[in-house]
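Open the model in your viewer and keep the selection tool at hand. We will go stop by stop.

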Amino acid sequence: MPLGLLALALGGFGIGLTEFVIMGLLPEVATDFGVTEATAGHLISGYALAVAVGGVVLTAAAGRFDRKRVLMGLLVLFIAGNALSALATSYDAMLAGRIVAALCHGAFFGIGAVVAADLVAPGKRAGAIAMMFTGLTLANVLGVPMGTFIGQQFGWRSTFWVITAIGVAALVGIATLVPAAAGRAATGGLRTELRAFRSPQVWFSIAITVLGFGGMFGAFTYIAYTLTEVGGFASTTVPWLLVLFGAGLVLGNTLGGRAADRALTATLVTVLVALTVVLVVFASTAGSKPATLVSLFLMGAFGFATVPGFQMRIMNHATAAPTMASGANIAAFNVGNALGAWLGGLAIAAGLGFTAPIWIGAGVTAAGLLVLLLATAAERRSAPALPEAQDVPIAA
């Protein structure tokens, strides 16, 4: 395994930690700045919006530059944003720090996915992308509980100083371990990159990502309420149950990447079908603790098994200019997150109960599966010779 992948994974770990650890520290932050928890929640939504913007704008702006240097510059932005958060003396300053750090998120994963794919042989590209995203999944399993514990014991600012240090380590790792050849600049500049969006399959891929991932995230957004109000779990057990969900993320990400390298479309169809079934079963059996434990793990596993394949699909259909398309797909993940959370919130507000977001998530995921089937059919009709090499078994 190229050591450069470890450096990319460390960067992903730090970025994932920045995104998610604030959820466990909101009470401390709200108390410190004298704001309501609802206002403090804007530190989460503001971050998500900045990710979507940065994923497109910064990727577009950086398209003509050396990718390795761009990744290093993005990590400098990440370090600055988290240092600003740690030093913030007001809520507005904290929000500004969150936004600065978030701007690098989408571009880092979008450009990093292209660099990761260039580090390995063609038949292992999805696995390399999965390796980079392993950092993000580990941030959920290990980083968030660790960061929350540190923040509760030594003050929430200490957590952001730790994240800042992780960013520095990732910066040094990418500078020393990622070969210059893998970070070569894209040819043709922004105009060439934008030309990729003329392909209907690129837009199909974005829609599949929004729906396929948005369904799972919509179910997950309100999972604490589902676990306590429907499942009967004590609130003190929720962090440990989320670790179980995170373990599913790690396993699904790894196996999903390997499977996508062998048969991309077949893997995505299988995983989306399985995820839809898991969500239906989860919604139907949420009152059973044993069934909930199994469903929670499988929801994480099948939900994140889609990620390497989604990213590979759009890169395959933007072969000549994958960087911008890759960044747009990272933004699509966050649009899906927002869509799923919004629809789930509407269902709860309508009095449909705390299993309603899971039912809605199953429907949204099924819609993603339908779009994938339509896209595959359209691809076969219009261009049967398209290089869909991932659908042919390849030796690992």
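Start at the residue just after helix H14. Select Gly 351: its phi is positive, at about 80°. Keep in mind that this is a predicted model.

**Stop 1: helix H14**

Now step back and select residues 322–349. This is H14, a helix of 28 residues. Go from its first C-alpha to its last and you cover 40 Å. That is close to the 40 Å expected at 1.5 Å a residue.

**Stop 2: H1 beside H7**

Next, select residues 3–33 for helix H1 and residues 156–177 for helix H7. Their axes come within 9 Å and cross at roughly 165°. Are the two parallel or antiparallel? The angle is over 145°, so H1 is roughly antiparallel to H7. The crossing of H1 past H7 is left-handed. Colour the contact by residue class: you should find 19 nonpolar, 6 polar and 3 charged residues.

**Stop 3: H9 beside H12**

Select helix H9, residues 200–221. Add helix H12, residues 264–285. The axes of H9 and H12 lie 11 Å apart, and the helices pack at an angle of about 25°. An angle under 35° counts as roughly parallel, so H9 and H12 are roughly parallel to each other. Their crossing is left-handed.

**Stop 4: the largest pocket**

Switch on a surface view. The largest pocket holds about 1,700 Å³ of space. Which residues lie nearest its centre? Select Met 23, Gly 24, Leu 26, Ile 44 and Thr 221. They belong to a lining of 45 residues. Several helices give two or more residues to this lining, among them H1, H3 (42–61), H6 (125–154), H9 and H14. By class, the lining has 28 nonpolar, 13 polar and 4 charged residues.

**Stop 5: the largest cavity**

How many cavities of 30 Å³ or more does the structure hold? There is 1. The largest cavity has about 270 Å³ of space. Select Phe 20, Leu 136, Phe 213, Phe 304 and Asn 337, the closest to its centre of the 19 lining residues. Helices that give two or more residues to this cavity's lining include H5 (91–118), H11 and H13 (289–316). H1 and H14 are also on that list. Sort the lining by class and you get 14 nonpolar, 4 polar and 1 charged.

**Last look**

Show H1 and H14 together. Both give two or more residues to the lining of the largest pocket, and both do so for the largest cavity.

Methods:
Residues numbered from 1 in each chain as written. Predicted model: local features only at pLDDT ≥ 70, side-chain atom pairs only at ≥ 80, totals over all residues. Heavy atoms only, no water. Axes fitted to C-alpha atoms, helices over the stretch in contact; angles between N-to-C directions. Helix = DSSP H or I, 4+ residues; strand = E, 2+ residues; numbered from the N terminus. Parallel < 35°, antiparallel > 145°, perpendicular 65-115°, else oblique. Left-handed = near helix turned anticlockwise from the far one by under 90°. Nonpolar A, V, L, I, M, F, W, Y, C, P; charged D, E, K, R; others polar. Expected span 1.5 Å × (residues − 1). 1 Å grid on protein atoms, 1.4 Å probe; cavity = no way out; pocket = protein on both sides within 12 Å on 5 of 7 lines; lining within 4 Å. Points joined across faces, edges and corners; volume = space filled by probe spheres on them.
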